[in-house]
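Notebook open, coffee ready. Here is what I looked up today.

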Amino acid sequence: MTNLPVDTVVSVENVSKSYGDITAVEDITFSVEKSHTLGLLGSNGAGKTTIIMMLMGILKSSSGKINILNKDIYKYRNQISKEINFASPFVELPHKLTVLQNLTVFGHIYGVKNLSLKIEKLSQDLGIRELLKRRVGRLSAGQKTRVSIAKSLINDPKILFLDEPTASLDPDHADWIRTYLEQYKNKTGATFILASHNMPEVERMCNNVIMMGRGKVIDHGSPKDLINRYNRENLEQVFLQLARNDRV
Amino acid sequence: MILFIRRIYAMILRHIYLFMVSWPRVLELIYWPFLNMVLWAFMSEFLSQNSNLFLLASGVLIASVIMWDTLFRGQLGVTLSFIEELWSRNLGNIAVSPLKPMELILSLIVASLLRTIIGVGGAALAAYFLFDFQIPSYGIGFILFFVNLLVMGWSFGLAICALLIRFGLSAETFAWAALFFIQPLCGVFYPVSILPEWLQPVSMLIPATYVFEGMRLTFFEGIFQIDLLLKACFINLLYIFIGISLLLYSYSYAKKKGLLLGNAE
């Protein structure tokens with residue numbers, strides 16, 4: 001970890017998280033380069049969301065060091081929080097408010113300049129213009145995901161944390177979201193940290209993958225490397241092998 | 001606009017939007033204080049026809065109920081504004097954002113002020129038009145009593161928010177019930193001298209006790225006792241400090257335990 005590439009935007013060094021006797025994450029070390037997408041893969045309870053929460057600074061690690069954009073996340077969270085954002089189907093926007101009202105509120109919270117123009121552009125890009133005056137609670141799962149993505153991009157984040165962004169979406173909507181996010185990343189150079197159970201999604205979007213089991217890194221590498229190393233046809237087969245070995 | 005003001009403004013805007021799209025919420029704000037006030041105003045009319053004491057101070061019960069509602073709505077305003085985030089599972093989005101805990105606290109207080117102005121303000125206006133009861137006519141000191149009740153309500157509200165962060169929505173009952181526990185102790189409708197002697201020192205620890213005592217003195221004897229106001233202010237400073245500290249501590253605890261993303265569940 002001492003000789004990190006110049007473009008490293010996320011650096012995690014020997015990080016652990018325990019709740020009393022229970023260890024959620026144990027001695028994890030990794031780094032992410034600018035404009036890369038890192039996938040966090042693992043069974044339920046493997047520690048993926050715990051890592052994302054620590055990276056965003058809303059969960060204190062028990063030990064170790066986390067640097068985001070070359071700053072300690074816990075010391076400089078106020079500064080860093082303006083440069084990151086987050087989308088997850090498990091965290092929702094106020095249902096009673098319209099899409100426009102929600103985006104306006106979060107635009108102000110993130111201190112977005114020319115907010116009206118920004119909302120106009122995002123709604124155009126994400127195909128939610130006709131939804132702007134509708135209440136979030138009345139949207140379909142696919143529409144809600146697009147609105148949640150719009151909220152997560154309102155501040156042009158340098159790092160975007162995605163916790164199972166396409167969970168509960170049909171294949172068509174899920175593909176649309178993935179394509180949009182890929183295009184966004186290519187255009188802006190943003191870095192994505194993606195926690196997902198969807199193997200084709202991870203295989204398609206991620207430059208690197210961390211396979212986790214019981215709070216530890218079981219293996220890591222690019223999706224292609226992992227598939228070759230385990231002599232499997234796809235990442236799902238690699239995941240199943242590692243998950244079952246870990247269980248044994 | 002300075003960024004921290006803009007963030008607080010955003011959170012207040014969020015509550016204003018909520019009222020704009022949900023008129024039953026606004027109606028509910030006005031409904032209970034209005035109903036309470038009308039009920040006690042009629043009771044007051046009845047008592048003043050049958051009691052010399054109430055004939056002397058006919059407005060005392062109306063004042064008591066409006067003041068109690070100020071305290072209760074002040075607390076509820078803070079707590080409900082926070083519960084809205086849990087109900088809508090939005091706390092995670094807020095926690096990740098640049099909004100600081102202290103800014104969240106300030107926004108909850110301003111949201112509470114707005115809710116109280118709508119709710120209690122409606123009742124006070126109705127008291128004026130229906131029963132010719134004018135709060136401003138009792139002087140600036142009387143208004144300061146109201147401010148004290150608001151501050152005490154905010155203190156309780158913030159403490160309850162701390163519980164909500166720690167225990168999630170299972171602590172929601174406190175939002176509705178907590179303040180009623182102290183209602184018998186702070187002498188809303190009767191002097192604290194009525195309480196058993198061993199209980200009276202407890203009531204002296206509550207700022208509202210001094211406010212209600214001061215209010216009764218204004219009505220019955222026509223005097224405004226500044227020392228009662230100062231005592232209420234002093235204890236309230238302590239209360240608001242404890243309320244803010246509890247919420248900040250709870251927020252920091254939630255950061256250690258990972259409660260900020262999944263507290264609504």
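I began with helix α2 of chain B, residues 23-50 (helices are DSSP runs of H or I, at least four residues, numbered from the N terminus). At 1.5 Å a residue, its 28 residues should span 40 Å, and the end C-alpha atoms are 41 Å apart, which agrees. The expected span is 1.5 Å times one less than the number of residues.

A note to self: this is a predicted model, where local features need pLDDT of at least 70 and side-chain atom pairs count only at 80 or more, while totals for chains, interfaces and linings use all residues. Residues are numbered from 1 along each chain as its sequence is written, with chains lettered from A and ligands numbered from 1 in the order written.

Next I asked which residues of α2(B) are buried. I found L29(B), P33(B), F34(B), M37(B), W40(B), A41(B) and S44(B). Buried means 20 or more other C-beta atoms, placed from the backbone, within 10 Å of the residue's own.

Then I checked the largest nonpolar core (buried Ala, Val, Leu, Ile, Met, Phe, Trp, Tyr and Cys joined through C-beta atoms within 7 Å). Of its 149 residues, L55(A), I193(A) and M67(B) touch the most other members. Helix α7 of chain B, residues 140-167, gives the most to this core, with 17 residues.

I followed L55(A) and, leaving out residues up to four places away in sequence, saw that it touches V10(A), I66(A), I68(A), I73(A), F161(A) and I193(A). Touching means C-beta atoms, placed from the backbone, within 7 Å.

Last, I looked at chain A as a whole: buried residues make up 46% of its 248 residues.

Methods:
Helices (H or I, at least four residues) and strands (E, at least two) are DSSP runs, numbered from the N terminus. A residue is buried if 20 or more other C-beta atoms lie within 10 Å of its own, exposed if 12 or fewer, and partly exposed in between; C-beta atoms are placed from the backbone. Two residues are in contact if their C-beta atoms, placed from the backbone, lie within 7 Å.
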